[in-house]
Amino acid sequence: MIKTKKQGLLIVVSGPSGCGKSTLDNLILKKRQNIVMSISDTTRSIRGEEVNGVDYNFITKEQFEENIKNDKYLEYAIVHSNKYYGTPSEFVDNKLNEGIDVILEIDIEGARKVNKKRKDAVFIFILPPSMKILKERLISRKTETKEQVIERFKTAYKEINEVSTYNYVIVNDDIETALEKMNAIITCEKCRVDRIEDVDLGNQEEIIHEILMDLK
Ligand code: 5GP
(Lines give C-alpha, C1' and ligand atoms only; values in the text may rest on other atoms or scores of the structure.)
Protein backbone atom coordinates (compact mmCIF):
# COMPACT_ATOMS: atom_id res chain seq x y z
CA MET A 1 0.00 0.00 0.00
CA ILE A 2 1.00 3.60 -0.41
CA LYS A 3 1.24 5.41 2.88
CA THR A 4 0.87 9.19 2.83
CA LYS A 5 2.19 11.56 5.46
CA LYS A 6 0.25 11.65 8.68
CA GLN A 7 1.32 15.29 9.03
CA GLY A 8 -1.53 17.78 8.56
CA LEU A 9 -1.48 20.39 5.81
CA LEU A 10 -0.63 23.99 6.64
CA ILE A 11 -2.95 26.32 4.71
CA VAL A 12 -2.17 30.04 4.58
CA VAL A 13 -5.08 32.27 3.57
CA SER A 14 -4.62 35.98 2.82
CA GLY A 15 -6.67 38.65 1.17
CA PRO A 16 -7.74 42.23 1.76
CA SER A 17 -10.15 43.08 4.60
CA GLY A 18 -13.67 42.63 3.26
CA CYS A 19 -12.81 39.96 0.65
CA GLY A 20 -14.75 37.38 2.66
CA LYS A 21 -11.82 35.22 3.82
CA SER A 22 -13.17 34.70 7.36
CA THR A 23 -16.58 33.61 6.04
CA LEU A 24 -14.87 31.23 3.66
CA ASP A 25 -12.57 29.82 6.34
CA ASN A 26 -15.51 29.24 8.69
CA LEU A 27 -17.42 27.41 5.96
CA ILE A 28 -14.44 25.21 5.14
CA LEU A 29 -14.15 24.26 8.83
CA LYS A 30 -17.75 23.02 8.69
CA LYS A 31 -17.29 21.24 5.37
CA ARG A 32 -14.10 19.29 6.07
CA GLN A 33 -12.96 17.03 8.86
CA ASN A 34 -9.70 17.23 10.79
CA ILE A 35 -9.13 20.90 10.13
CA VAL A 36 -8.79 23.82 12.55
CA MET A 37 -8.05 27.54 12.48
CA SER A 38 -5.04 28.86 14.30
CA ILE A 39 -6.03 31.60 16.75
CA SER A 40 -3.63 34.52 16.48
CA ASP A 41 -2.37 36.73 19.28
CA THR A 42 -2.98 40.41 18.71
CA THR A 43 -2.44 43.68 20.53
CA ARG A 44 -5.36 45.38 18.81
CA SER A 45 -8.48 45.98 20.88
CA ILE A 46 -11.51 43.73 20.80
CA ARG A 47 -14.11 44.71 18.17
CA GLY A 48 -17.89 44.23 17.82
CA GLU A 49 -18.98 40.73 18.83
CA GLU A 50 -15.48 39.28 18.97
CA VAL A 51 -14.64 36.87 21.78
CA ASN A 52 -11.24 36.63 23.43
CA GLY A 53 -9.70 33.20 22.80
CA VAL A 54 -12.05 32.53 19.89
CA ASP A 55 -11.45 35.26 17.33
CA TYR A 56 -8.05 36.24 18.69
CA ASN A 57 -6.08 36.08 21.90
CA PHE A 58 -6.15 39.75 22.82
CA ILE A 59 -2.92 40.42 24.70
CA THR A 60 -0.87 43.45 25.72
CA LYS A 61 2.08 44.83 23.77
CA GLU A 62 4.35 43.81 26.68
CA GLN A 63 3.09 40.21 26.57
CA PHE A 64 3.48 40.13 22.81
CA GLU A 65 7.05 41.42 22.94
CA GLU A 66 7.88 38.90 25.65
CA ASN A 67 6.54 36.13 23.39
CA ILE A 68 8.69 37.42 20.51
CA LYS A 69 11.75 37.26 22.78
CA ASN A 70 10.86 33.68 23.75
CA ASP A 71 10.49 32.67 20.09
CA LYS A 72 6.83 31.71 20.50
CA TYR A 73 5.69 32.77 17.03
CA LEU A 74 5.80 30.93 13.72
CA GLU A 75 5.45 34.44 12.28
CA TYR A 76 4.31 37.84 13.42
CA ALA A 77 3.79 41.20 11.78
CA ILE A 78 2.72 44.73 12.51
CA VAL A 79 -0.44 45.08 10.47
CA HIS A 80 -2.95 47.92 10.76
CA SER A 81 -2.30 50.94 12.97
CA ASN A 82 0.95 49.60 14.40
CA LYS A 83 -0.71 46.63 16.07
CA TYR A 84 1.03 43.28 16.43
CA TYR A 85 -0.52 40.09 15.05
CA GLY A 86 1.19 36.70 15.43
CA THR A 87 0.71 32.96 15.00
CA PRO A 88 1.65 30.94 18.10
CA SER A 89 3.85 28.10 16.82
CA GLU A 90 3.11 25.53 19.52
CA PHE A 91 -0.57 25.14 18.61
CA VAL A 92 0.21 24.87 14.89
CA ASP A 93 2.99 22.29 15.37
CA ASN A 94 0.90 20.17 17.73
CA LYS A 95 -2.08 20.05 15.38
CA LEU A 96 0.03 19.30 12.30
CA ASN A 97 1.78 16.49 14.17
CA GLU A 98 -1.61 15.06 15.14
CA GLY A 99 -2.47 14.93 11.42
CA ILE A 100 -4.87 17.86 11.60
CA ASP A 101 -4.85 20.52 8.87
CA VAL A 102 -4.35 24.09 10.11
CA ILE A 103 -5.56 27.32 8.49
CA LEU A 104 -3.64 30.53 9.12
CA GLU A 105 -5.58 33.65 8.18
CA ILE A 106 -2.71 36.11 8.04
CA ASP A 107 -1.48 39.13 6.08
CA ILE A 108 1.02 39.00 3.21
CA GLU A 109 4.04 39.85 5.35
CA GLY A 110 3.24 36.98 7.71
CA ALA A 111 2.66 34.68 4.72
CA ARG A 112 6.08 35.60 3.35
CA LYS A 113 7.67 34.61 6.67
CA VAL A 114 5.80 31.29 6.77
CA ASN A 115 6.92 30.62 3.20
CA LYS A 116 10.56 30.86 4.27
CA LYS A 117 10.09 28.44 7.16
CA ARG A 118 7.53 25.98 5.82
CA LYS A 119 8.04 24.89 2.24
CA ASP A 120 5.22 22.35 2.60
CA ALA A 121 2.54 24.99 3.24
CA VAL A 122 -0.04 25.98 0.64
CA PHE A 123 -0.73 29.66 0.01
CA ILE A 124 -4.20 30.82 -1.07
CA PHE A 125 -5.12 34.42 -1.88
CA ILE A 126 -8.77 35.52 -1.79
CA LEU A 127 -9.75 38.37 -4.10
CA PRO A 128 -12.92 40.46 -4.14
CA PRO A 129 -14.72 40.57 -7.52
CA SER A 130 -13.80 44.26 -7.84
CA MET A 131 -12.40 47.12 -5.77
CA LYS A 132 -15.83 48.81 -5.89
CA ILE A 133 -17.46 45.75 -4.31
CA LEU A 134 -14.65 45.62 -1.73
CA LYS A 135 -15.34 49.26 -0.86
CA GLU A 136 -19.05 48.53 -0.45
CA ARG A 137 -18.38 45.48 1.74
CA LEU A 138 -15.98 47.44 3.95
CA ILE A 139 -18.44 50.28 4.42
CA SER A 140 -21.51 48.12 4.98
CA ARG A 141 -20.02 45.88 7.68
CA LYS A 142 -19.73 48.95 9.92
CA THR A 143 -16.97 47.49 12.11
CA GLU A 144 -14.36 50.14 11.29
CA THR A 145 -14.19 53.90 11.55
CA LYS A 146 -13.95 56.04 8.40
CA GLU A 147 -10.16 56.35 8.87
CA GLN A 148 -9.82 52.60 9.34
CA VAL A 149 -11.87 51.88 6.20
CA ILE A 150 -9.56 54.15 4.20
CA GLU A 151 -6.45 52.55 5.70
CA ARG A 152 -7.72 49.05 4.97
CA PHE A 153 -8.64 50.04 1.45
CA LYS A 154 -5.14 51.42 0.82
CA THR A 155 -3.60 48.25 2.27
CA ALA A 156 -5.86 46.21 -0.04
CA TYR A 157 -4.39 47.90 -3.11
CA LYS A 158 -0.86 47.07 -1.93
CA GLU A 159 -1.73 43.49 -0.98
CA ILE A 160 -3.38 42.64 -4.26
CA ASN A 161 -0.08 43.27 -6.06
CA GLU A 162 1.38 40.33 -4.13
CA VAL A 163 -1.10 37.80 -5.43
CA SER A 164 1.43 36.17 -7.77
CA THR A 165 3.57 35.06 -4.82
CA TYR A 166 0.76 32.71 -3.70
CA ASN A 167 0.03 29.23 -5.08
CA TYR A 168 -3.69 29.73 -5.68
CA VAL A 169 -6.15 32.56 -6.11
CA ILE A 170 -9.90 32.47 -5.50
CA VAL A 171 -12.13 35.32 -6.68
CA ASN A 172 -14.92 35.48 -4.16
CA ASP A 173 -17.88 36.61 -6.24
CA ASP A 174 -20.10 33.76 -5.12
CA ILE A 175 -19.43 32.22 -1.71
CA GLU A 176 -20.60 28.68 -2.65
CA THR A 177 -18.32 28.60 -5.72
CA ALA A 178 -15.44 30.04 -3.72
CA LEU A 179 -15.99 27.37 -1.05
CA GLU A 180 -16.00 24.62 -3.65
CA LYS A 181 -12.71 25.92 -5.04
CA MET A 182 -11.05 26.14 -1.65
CA ASN A 183 -12.18 22.63 -0.78
CA ALA A 184 -10.82 21.35 -4.10
CA ILE A 185 -7.46 23.05 -3.53
CA ILE A 186 -7.07 21.43 -0.10
CA THR A 187 -8.09 18.02 -1.43
CA CYS A 188 -5.60 18.31 -4.32
CA GLU A 189 -2.78 19.44 -2.06
CA LYS A 190 -3.33 16.42 0.17
CA CYS A 191 -2.91 14.16 -2.88
CA ARG A 192 0.48 15.53 -3.91
CA VAL A 193 3.13 12.90 -4.53
CA ASP A 194 5.53 14.61 -2.16
CA ARG A 195 3.17 13.63 0.66
CA ILE A 196 3.95 9.96 -0.01
CA GLU A 197 5.92 8.62 2.91
CA ASP A 198 6.22 4.97 2.13
CA VAL A 199 5.40 2.63 -0.74
CA ASP A 200 4.89 -1.00 0.15
CA LEU A 201 3.42 -2.92 -2.75
CA GLY A 202 4.00 -6.34 -1.20
CA ASN A 203 6.22 -9.11 -2.54
CA GLN A 204 5.83 -9.43 -6.30
CA GLU A 205 6.82 -13.13 -6.42
CA GLU A 206 4.30 -13.99 -3.73
CA ILE A 207 1.50 -12.14 -5.47
CA ILE A 208 2.30 -13.79 -8.82
CA HIS A 209 2.26 -17.13 -7.04
CA GLU A 210 -1.18 -16.25 -5.62
CA ILE A 211 -2.42 -15.29 -9.09
CA LEU A 212 -1.26 -18.64 -10.46
CA MET A 213 -3.01 -20.48 -7.64
CA ASP A 214 -6.21 -18.40 -8.02
CA LEU A 215 -6.34 -19.03 -11.77
CA LYS A 216 -5.56 -22.75 -11.57
P1 5GP B 1 -8.34 42.34 11.61
O2 5GP B 1 -7.79 43.38 12.53
O3 5GP B 1 -9.29 42.91 10.57
O4 5GP B 1 -8.94 41.16 12.33
O5 5GP B 1 -7.11 41.73 10.80
C6 5GP B 1 -6.28 42.55 10.12
C7 5GP B 1 -5.28 41.76 9.30
O8 5GP B 1 -4.40 41.05 10.15
C9 5GP B 1 -5.90 40.74 8.35
O10 5GP B 1 -5.31 40.91 7.07
C11 5GP B 1 -5.50 39.44 8.95
O12 5GP B 1 -5.35 38.45 7.96
C13 5GP B 1 -4.17 39.77 9.60
N14 5GP B 1 -3.80 38.84 10.65
C15 5GP B 1 -4.59 38.22 11.56
N16 5GP B 1 -3.89 37.42 12.34
C17 5GP B 1 -2.61 37.48 11.92
C18 5GP B 1 -1.39 36.85 12.33
O19 5GP B 1 -1.32 36.03 13.24
N20 5GP B 1 -0.27 37.18 11.66
C21 5GP B 1 -0.27 38.08 10.63
N22 5GP B 1 0.89 38.32 10.02
N23 5GP B 1 -1.39 38.68 10.21
C24 5GP B 1 -2.54 38.40 10.85
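## Loop residues, an open sheet and salt bridges

Asn34 is located in the loop that runs between helix H1 (21–31) and strand E3 (35–37). The model in which this residue is described is a predicted one. The phi angle of Asn34 is near 55 degrees, a positive value in a residue that is not glycine. As a background to this, most residues other than glycine have a negative phi. With a relative accessibility of 54%, Asn34 counts as exposed, because the cut-off for that class is over 50%.

A second residue with a positive phi is Asp71, whose angle is about 55 degrees although Asp71 is not a glycine. Asp71 sits in the loop between helix H2 (61–69) and E6, and its relative accessibility of 62% places Asp71 in the exposed class.

Strand E6, which follows that loop, belongs to an open sheet of four strands, arranged in the order E5-E4-E7-E6 with mixed pairing. Strand E5 (57–58) and strand E6 (73–78) stand at the edges of this sheet, and each has a single partner strand, so one side of each is left without a neighbour in the sheet. The pairing of E6 with strand E7 (residues 84–88) is antiparallel and extends over five bridges. Within E7, Thr87 is the residue that stands opposite Glu75.

Turning to charged side chains, the structure holds 11 salt bridges, and the table lists some of them, including the N to O distance in each case.

| Pair | N to O distance |
|---|---|
| Glu66 and Lys69 | 3.7 Å |
| Lys95 and Glu98 | 3.9 Å |
| Arg112 and Glu162 | 3.3 Å |

What separates Glu66 and Lys69 in helix H2? The two residues are three residues apart in that helix, which means that about one helical turn lies between them. Glu66 is partly exposed at 39% relative accessibility, whereas Lys69, with a relative accessible area of 68%, is exposed. In the bridge between Lys95 and Glu98, Glu98 counts as partly exposed, its relative accessibility being 46%.

The salt bridge between Arg112 and Glu162 links separate elements: Arg112 lies in helix H4 (residues 108–117) and Glu162 in the loop between H6 and E10, so the pair ties together parts that are 50 residues apart in sequence. Arg112 is partly exposed, with a relative accessible area of 41%, and Glu162 is also partly exposed, with a value of 22%. Elsewhere, Asp93, Arg118 and Asp120 are joined into one network by salt bridges that share partners.

The loop between helix H6 (146–160) and E10 also contains Asn161, which counts as exposed at 62% relative accessibility. How far apart are Asn161 and Phe91 in sequence and in space? They are 70 residues apart in sequence, and 31 Å separates their C-alpha atoms.

Beyond strand E10 (168–171), the loop that leads to helix H7 (175–190) holds Asp174. Asp174 is partly exposed, with a relative accessible area of 36%, and Asp174 contributes, together with Asp173, Glu176 and Glu180, to a negative surface patch. Since the residues of such a patch must have over 30% relative accessible area and no salt bridge, the 36% of Asp174 satisfies the area criterion because it lies above that limit.

How values were computed: Residues are numbered from 1 along each chain as its sequence is written. This is a predicted model: local features need pLDDT of at least 70, side-chain atom pairs count only at pLDDT 80 or more; totals for chains, interfaces and linings use all residues. Side-chain values use heavy atoms; hydrogens and water are left out. Two strands pair if DSSP finds at least two bridges between them. Buried means under 20% relative accessible area, exposed over 50%, partly exposed in between (1.4 Å probe, protein chains only). Patches are made of residues with over 30% relative accessible area and no salt bridge: like charges are joined within 9 Å, nonpolar side chains (Val, Leu, Ile, Met, Phe, Trp, Tyr) within 5 Å. Accessible areas come from the Shrake-Rupley method with a 1.4 Å probe; for residues, only the protein chains shown count as cover. A salt bridge is a side-chain nitrogen of Lys or Arg within 4 Å of a carboxyl oxygen of Asp or Glu. Lys and Arg count as positive and Asp and Glu as negative; His and the chain ends are not counted. The place of a charge is taken as NZ of Lys, CZ of Arg, CG of Asp or CD of Glu.
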